[in-house]
Amino acid sequence: QVQVVESGGGLVQAGGSLRLSCAASGSALSINAGRWYRQPPGPQRELVAVISSAGSTNYGDSVKGRFTISRDNAKNTVYLQMMSLKPEDTAVYYCNVEVKIGAFTYSYWGQGTQVTVSS
């Protein structure tokens, strides 16, 4: 049974920082790629950042230079360091990880964590 648990959201003032974590747990698994999405009020979910199995990264235009995605393979955890936060960064943040178990790869979502940036 694989569990993906997010943590680190909260309320912060504009200009502040937060770090989100996305930890996958289970037997004999490893994380390939990891992604962070966000969803402000409404149906649209935005891709924020991606990290590949090799560690290369890509970011949405709205967060470039402010957010950093990283990974700790030993902990099966993907992080999102958010700096210089703006009120428009307010959203529920979701992680999505590709988990490799044996010869197979599965996609899992975290439960979401609320980030609120006050002006």
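# Reading side-chain features

Reader: Over which ring does the charged end of Arg45 sit?

Author: It sits over the ring of Tyr94, 4.0 Å from the ring centre. Please keep in mind throughout that this is a predicted model.

Reader: Over the face of which other residue does Arg45 lie, and at what distance from the ring centre?

Author: Arg45 also lies over the face of Trp109, at 4.9 Å from the ring centre.

Reader: How should one describe two aromatic rings that pair with each other?

Author: A pair of aromatic rings is described by two quantities, the distance of the centres and the angle of the planes. In this structure, a search of the whole model finds 1 aromatic pair. Its members are Tyr37 and Trp109, whose ring centres are 5.1 Å apart and whose planes stand at 45 degrees, so the pair is tilted. The word "tilted" applies because an angle under 30 degrees would count as stacked and one over 60 as edge-to-face.

Reader: Where do Tyr37 and Trp109 lie in the chain?

Author: Tyr37 belongs to strand 4 (residues 29-39) and Trp109 to strand 10 (residues 104-109), so the pair ties together parts that are 72 residues apart in sequence.

Reader: Is Tyr37 buried or exposed?

Author: One compares its relative accessible area with a cut-off: under 20% counts as buried. Tyr37 has a value of 18% and is therefore buried. Trp109, with 41%, is partly exposed.

Reader: What is unusual to read in the backbone of Asn76?

Author: Here one looks at the sign of the backbone angle phi. Asn76 has a positive phi of about 50 degrees although it is not a glycine. Its position is the loop between strand 7 (67-72) and strand 8 (77-82), and its relative accessibility of 15% makes it buried. Ser84 likewise is not a glycine, and its phi is positive, about 45 degrees. Ser84 is found in the loop between strand 8 and strand 9 (91-101); with a relative accessible area of 43%, Ser84 is partly exposed.

Reader: How should one read a buried charged residue such as Glu6?

Author: One asks first whether a side chain of opposite charge is within reach, and then what else the residue meets. Glu6, in strand 1 (residues 3-7), is buried yet has no salt bridge. The nearest side chain of opposite charge is that of Arg45, 7.9 Å away; a salt bridge would require the nitrogen and oxygen atoms to be within 4 Å.

Reader: Which backbone atom does the side chain of Glu6 reach?

Author: The side chain of Glu6 reaches the backbone nitrogen of Thr113, at 3.4 Å. Leaving aside residues up to four places away in sequence, Glu6 touches several others, including Cys22, Trp36, Tyr94, Cys95 and Gln111.

Reader: Which backbone atom lies 3.2 Å from a polar atom of the side chain of Asn96?

Author: That atom is the backbone oxygen of Tyr108. Asn96 lies in strand 9 and is buried, with a relative accessible area of 5%. Among the residues that Asn96 touches, not counting those up to four places away in sequence, are both members of the aromatic pair discussed above, Tyr37 and Trp109. Arg35 and Ser107 are also among its contacts.

Reader: How many salt bridges does a search of the whole structure find?

Author: The search finds 5 salt bridges. To read any one of them, identify the two side chains, the distance, and the places they connect. Glu98 and Arg35, for example, meet in a salt bridge at 3.1 Å, N to O. Glu98 is in strand 9 and Arg35 in strand 4, so this pair ties together parts that are 63 residues apart in sequence. Glu98 itself is partly exposed, at 23% relative accessible area.

Reader: With which residue does Glu46 form a salt bridge?

Author: Its partner is Arg38, and the closest N and O atoms are 2.9 Å apart. Glu46 is partly exposed, with a relative accessible area of 29%, whereas Arg38 counts as buried at 5%.

Reader: Which parts of the chain does the salt bridge between Asp89 and Arg66 link?

Author: The two side chains meet at 2.7 Å, N to O. The pair links distant parts of the chain: Asp89 is in the loop between strand 8 and strand 9, and Arg66 in the loop between strand 6 (57-59) and strand 7, 23 residues apart. Asp89, at 0% relative accessibility, counts as buried, and Arg66 is buried with 10%. Finally, salt bridges that share partners join Arg38, Glu46, Arg66 and Asp89 into one network.

Methods. Residues are numbered from 1 along each chain as its sequence is written. This is a predicted model: local features need pLDDT of at least 70, side-chain atom pairs count only at pLDDT 80 or more; totals for chains, interfaces and linings use all residues. Side-chain values use heavy atoms; hydrogens and water are left out. Rings of Phe, Tyr and Trp (its six-membered ring) pair if their centres lie within 6.5 Å; planes under 30 degrees apart count as stacked, over 60 as edge-to-face and the rest as tilted. Helices (H or I, at least four residues) and strands (E, at least two) are DSSP runs, numbered from the N terminus. Buried means under 20% relative accessible area, exposed over 50%, partly exposed in between (1.4 Å probe, protein chains only). A charge sits over a ring if NZ of Lys or CZ of Arg is within 6 Å of the ring centre and within 35 degrees of the ring normal. Lys and Arg count as positive and Asp and Glu as negative; His and the chain ends are not counted. A polar contact is a pair of N or O atoms within 3.5 Å; within protein, one must be able to donate a hydrogen and the other to accept it, and residues adjacent in sequence count only if both atoms are side-chain atoms. Contact means heavy atoms within 4.5 Å.
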